[in-house]
Amino acid sequence: IRWIQYSFWTFLALMIEIIFGAIGNWAFPDGRPACHRAEDGTILLITTTNKNMCGLSKTLERTGETFNFLAAFIIGGFILSSVQIWLKRRRSYIDHCNATRNLLIVISSIVEDEDEKTLLIRWIILGYELAVMKGRKLIDSNITREYLEDLHLLEQNEWETMVNGERHTTVWYWILKKSKKLLVSIDLSNNITDFEFQTIHDAVAFSRDKASDLMMCVSNDQPPPYIYVCAFLININLILYALESGVRWAIMSFDAGGGFLIWKEPRMYVEVLLLYFYTSIFALLFDVTTILYNPFGSRPIDIKHYQIGAGIRSFAKRLQQNEEPDTMNLIVHDEQQSKKSTRRRSFFFEDDETTVKEKGLQKGLEMGLKVKQSEHALLKTSFTRPISFKSHISYQEK
């Protein structure tokens, strides 16, 4: 549909060509040639034949060049700022995902009670999904509610308890409130310390900050007057270029003999295609700000949230299962076991008789790093001037 809309300017030029050049000779009363031309084929600024059409063509050509020069600066900055905003919002989404993973790790490592941990992890994923839905402008819609219910993230009256427009922020409040209850819990087995509560508080605050508003319209959107000026400038350029092409085609059509004889020449078809491509690309330069405005949709160019979100939900489920490696609870029984354990933990640093391969690699690395004093001084100067290829070859030979 968009490409069909862009063809409007080509049809406008074709209508001008047909009306002024193909139908009768009324637009060129002085006969042929339609205009006096210079040696390079351009229409002369001062002509004695068909002054109306020839003068109009020259005026449109000069005005179009002036506006094109102006548009090159303004439109360039407009496109650059639109792309930067698009990239910034995508980076905000990545920060939101990383903050969610961080909060999952903190909660899973501090909260020991399985039921409390399960509840808090579900709330973390719930807040994560709600923040993305706010970026899609769907946070309070029934579509979001059904989506969360399908993921089994909503229970009982949680949806009705959330604050409209700030549902994800409400979930962060629930997490802190629940953590505070664990801090002052009568059941000592469920208690968390003040330091652990502060750690949870910092992780929640960080996650809330990154998920506050992924779109950030107040700080990121371009000023409306600037958008209007860019839109006006682009439309003026399109109109001038279409009019100039239509008048030029009318002159070409009249010189070719009138009627539709000009369409026997291949250059006319090339002219039409070039006009369509130019106007389409020029119009698309402005539409790119609409295309890149919200990267949280379902288009191919948008963020693949369903894939990324599925990975985070899978990570949360694995943390919820409390799976730990055997080495997490390793107990040293005797001196020999202690020695092996120490070697296992520090095998990157201590000399172990069983790591012959590692020793060989380390020895080769040390030999490769040994250089003569003069060569070492040469390496120091590599920050200011590069080592020549000849010096590198001689070093390898030595």
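Modeller: Let us begin with a term: a residue is called buried when its relative accessible area is under 20%, and exposed when the value is over 50%. The model before us is predicted. Phenylalanine 286 has a relative accessible area of 18% and is therefore buried.

Colleague: Is phenylalanine 78 buried or exposed?

Modeller: Phenylalanine 78 is buried, since its relative accessible area is 0%.

Colleague: How many aromatic pairs does a search of the whole structure find?

Modeller: The search returns 13 aromatic pairs. One of them joins the rings of phenylalanine 78 and phenylalanine 286, whose centres are 5.6 Å apart. Planes under 30 degrees apart count as stacked. The planes of these two rings stand at 10 degrees, so the pair is stacked.

Colleague: Which helices hold the two members of that pair?

Modeller: Phenylalanine 78 belongs to helix H3, residues 51-110, and phenylalanine 286 to helix H11, residues 266-291. With their positions 208 residues apart, the pair links distant parts of the chain. Ring pairs also bring in Tyr226, giving a cluster of Phe78, Tyr226 and Phe286.

Colleague: What arrangement do tyrosine 276 and phenylalanine 277 show as an aromatic pair?

Modeller: The pair of tyrosine 276 and phenylalanine 277 is tilted, with 6.0 Å from centre to centre and 55 degrees between the planes. Tyrosine 276 is partly exposed because its relative accessibility is 21%. Phenylalanine 277 has a value of 46% and so counts as partly exposed.

Colleague: Which residues form a nonpolar patch on the surface?

Modeller: Phenylalanine 277 appears again here: Val270, Leu273, Leu274, Phe277 and Ile281 make up the nonpolar patch. Together these residues have about 500 Å² of accessible area. Valine 270 sits in helix H11, and its relative accessibility of 45% makes it partly exposed.

Colleague: Which residues form a negative surface patch?

Modeller: The negative patch consists of Glu112, Glu114, Asp115 and Glu324. Aspartate 115 lies in helix H4, which covers residues 114-135. Aspartate 115 counts as exposed because its relative accessibility is 62%.

Colleague: I should next like to read the backbone. What is notable about the phi of histidine 152?

Modeller: The general idea is that most residues other than glycine have a negative phi. Histidine 152 is not a glycine, yet its phi is positive, at about 60 degrees. Its place is the loop between helix H5 (142-150) and helix H6 (158-161). Histidine 152 is exposed, as its relative accessibility is 65%.

Colleague: Where does methionine 216 lie, and what is its phi?

Modeller: Methionine 216 is in the loop between helix H8 (194-210) and helix H9 (217-220). Although not a glycine, methionine 216 has a positive phi of about 50 degrees. Its relative accessibility is 25%, so methionine 216 counts as partly exposed.

Colleague: Let us end with positions along the chain and in space. What distance separates the C-alpha atoms of threonine 59 and glutamate 244?

Modeller: The two C-alpha atoms are separated by 8.6 Å, while threonine 59 and glutamate 244 are 185 residues apart along the chain. Threonine 59 is located in helix H3, the helix that also holds phenylalanine 78.

Colleague: Is threonine 59 buried, partly exposed or exposed?

Modeller: Threonine 59 is partly exposed, because its relative accessible area is 39%. Phenylalanine 78, by contrast, is buried at 0%.

How values were computed:
Residues numbered from 1 in each chain as written. Predicted model: local features only at pLDDT ≥ 70, side-chain atom pairs only at ≥ 80, totals over all residues. Heavy atoms only, no water. Patch = residues over 30% accessible without salt bridge, like charges linked within 9 Å, V, L, I, M, F, W, Y side chains within 5 Å. Areas by Shrake-Rupley, 256 points an atom, 1.4 Å probe, with all protein chains shown as cover. Salt bridge = Lys/Arg side-chain N within 4 Å of Asp/Glu carboxyl O. Lys, Arg positive; Asp, Glu negative; His and termini not counted. Charge placed at Lys NZ, Arg CZ, Asp CG, Glu CD. Helix = DSSP H or I, 4+ residues; strand = E, 2+ residues; numbered from the N terminus. Buried < 20%, exposed > 50% of the residue type's maximum accessible area, 1.4 Å probe, protein only. Phe/Tyr/Trp six-rings, centres within 6.5 Å; stacked < 30°, edge-to-face > 60°.
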